[in-house]
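Work through the exercises below with the sequence and the structure in view, and try each task before reading its solution.

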Amino acid sequence: MKILMVCGNGLGSSFACQMTVEGVLKELGVKADLDHCDLSSARSMKADLILSGKNFESQFKNLAIETPQIFLDRLVDKNEIREKLTPFLKEKGLI
Amino acid sequence: MEVINFIVDNILTQAPITIGLIALLGLVLQRKSVGQTISGTFKTILGFMVLSAGSAVIVQALTFFGAIFTKGYGMQGLVPSIEAINGQAMNELGLGSEIALTLGAIFIVNIIIARFTKWKYIFLTGQALLWMSTICAVFGYYCGLRGAALIVVGGVVGGIFAVAMPAIAQPFVRKITGNDDIALGHFCTVGYVLTALVSKLFGGKSKSTEELNLPKGLEFLQDTYLSIGVVMIPLFIITAFFAGPEFCAKYAGNTNYIVYAFLQAIQFVVGVYVLLAGVRLLLAELVPAFRGIAMKIVPDAVPALDCPVLFPYAPNAVIIGFVSTTIGSVIGMFLFPMFGLPMILPGMMTNFFAGGCAGIFGNAAGGTRGAIISGIIHGLFITLLPALLSPMLADIGFINATCTDVDTIVCGLFYGWLLKPLLGLF
């Protein structure tokens with residue numbers, strides 16, 4: 001499974017988010033391929049799930065990406081990420 | 001002796017290899033598997049060389065733009081782009097290895113300060129550290145420092161900035177996020193603190209921006225490449241129009257000069273895109289290694305993160321900060337040349353990210369009215385500082401570009417105004 005973190009520049013906050021997600025997945029015992037990129041590139045990247053900030057929600061609607069998306073209020077909050085990620089991982093049968 | 005000469009000439013002065021070795025060291029210290037170590041080292045070197053390739057593209061587009069701007073308006077206009085400064089420092093000035101080693105030194109000094117003082121900030125915004133190490137290396141060189149002295153001074157100065165900037169922002173960040181879990185690691189902090197203070201003065205107890213209903217139309221500017229394009233395309237086309245078809249033909253050949261200008265504007269965006277893709281590859285191994293090592297040595301570390309981490313806390317303030325900063329930077333563009341300073345064109349990427357974050361600070365300190373007034377002041381401030389730094393950059397040999405992030409500029413001014421005269425005494 002591949003999870004993609006997205007922000008405007010694809011450098012700072014998406015990367016910070018990725019490192020937090022990595023920690024959460026480790027705790028949950030799930031193995032996944034993680035990467036981060038900018039909004040323009042997100043459309044052409046293959047992923048099973050996209051994680052991004054709430055402020056990007058409307059832009060993703062415009063891009064019409066089919067990949068499931070989760071939008072976060074706080075990009076580096078372990079609890080929020082765990083809470084929002086768990087239903088998706090359960091659905092995929094990973095936990 | 002020959003062996004040492006070989007190492008110095010072919011390894012330590014070859015920037016991609018130097019940075020690869022730093023990554024290798026980080027990976028080994030983390031006890032990664034052989035496969036991960038090889039792939040991580042390779043990707044870091046790859047990233048560094050992609051970055052150089054992007055910079056060459058930027059320089060080409062900027063050379064064209066500089067020529068038509070001078071011809072069209074009879075004056076020099078500088079594009080604020082820290083990416084272009086970084087690229088030129090690595091390619092034209094050949095300071096790549098110094099920059100890479102200074103980056104490593106900043107990591108070390110940051111960890112030492114966080115370990116032994118009460119300021120527990122670990123600066124994790126890799127690209128900001130890369131820009132900071134660029135400025136430290138460039139201005140250290142300008143001051144006459146060479147070799148180990150340049151790297152040690154750069155590491156100490158940059159390392160102090162990496163802790164001091166999150167520390168001065170923290171009272172406001174605490175107010176915004178409601179806790180001390182994260183800090184702000186973005187080298188535009190001097191501007192944010194100024195914005196917050198101005199906002200406090202003028203805003204009083206005005207209503208928070210988040211109670212407003214704002215149009216969502218400007219959100220697309222969060223997309224970096226779109227926001228650069230939105231400004232660069234009209235700027236190139238209008239400038240080419242004033243420069244005239246005969247002058248542009250030198251560059252455009254048989255292509256229509258307006259079409260050529262349009263394509264060159266996009267070429268500039270391409271350069272930034274490639275350069276940042278290189279930065280992403282370059283940092284993918286370095287930042288987690290730095291984080292892993294730092295967290296082991298400084299158990300109660302507070303990570304200082306990139307500014308968009310704060311954006312979801314006050315999305316309206318981001319838009320207001322962006323618009324008011326842009327207004328301020330446009331006023332500054334026309335105002336400062338009257339005082340004999342060079343004309344600084346508005347840098348939309350900085351206006352969005354730094355302006356947006358300034359809006360959040362302004363709102364936290366003085367509500368909507370405060371955010372608007374202080375945003376305009378912020379726009380003037382981030383136009384004034386690059387203008388002050390640009391004569392020194394021109395001295396060093398940079399083409400048509402100046403720095404953006406104000407903390408890196410303050411660092412440059414510190415080198416140029418204080419360190420250089422001091423070193424001149426000896």
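## Exercises on a two-chain model

The model is predicted, so to speak of local features a pLDDT of at least 70 is needed and side-chain atom pairs count only at pLDDT 80 or more, while totals for chains, interfaces and linings use all residues. Residues are numbered from 1 along each chain as its sequence is written, and chains are lettered from A and ligands numbered from 1 in the order in which they are written.

**Exercise 1.** Find how strand 3 of chain B is joined to strand 4 of chain B, and place the pair in its sheet.

Solution. Begin with the pair itself: strand 3 and strand 4 (residues 302–305) of chain B run parallel and are joined by two bridges. Helices (H or I, at least four residues) and strands (E, at least two) are here DSSP runs, numbered from the N terminus, and two strands pair if DSSP finds at least two bridges between them. Next, look at one position, where B:Leu184 has B:Leu305 in strand 4 of chain B as its bridge partner. Finally, widen the view to the open sheet of three strands in chain B, whose order is 2-4-3 with parallel pairing; its edge strands, each pairing on one side only, are strand 2 (121–123) and strand 3 (183–184) of chain B.

**Exercise 2.** Trace the surroundings of strand 1 of chain A, and explain why this strand is largely enclosed by the rest of the structure.

Solution. Count the buried residues (20 or more other C-beta atoms, placed from the backbone, within 10 Å of the residue's own). Strand 1 (residues 2–7) of chain A has five of its six residues buried, so it is largely enclosed by the rest of the structure. Then turn to its partners: six bridges join strand 1 to strand 2 (residues 33–38) of chain A, running parallel, and A:Cys7 stands opposite A:Asp38 there. Strand 3 (residues 49–53) of chain A is likewise parallel to strand 1 of chain A and joined to it by four bridges, with A:Leu4 opposite A:Ile50.

**Exercise 3.** Describe what chain B brings to its contact with chain A.

Solution. First, take the residue totals, counting two residues as in contact if their C-beta atoms, placed from the backbone, lie within 7 Å: chain B gives 24 residues and chain A gives 23 residues. Second, ask which elements of chain B give two or more residues to this side, namely helix 9 (224–243) and helix 11 (257–297). Of the elements, helix 11 of chain B gives the most, with six residues.

Technical notes: A residue is buried if 20 or more other C-beta atoms lie within 10 Å of its own, exposed if 12 or fewer, and partly exposed in between; C-beta atoms are placed from the backbone.
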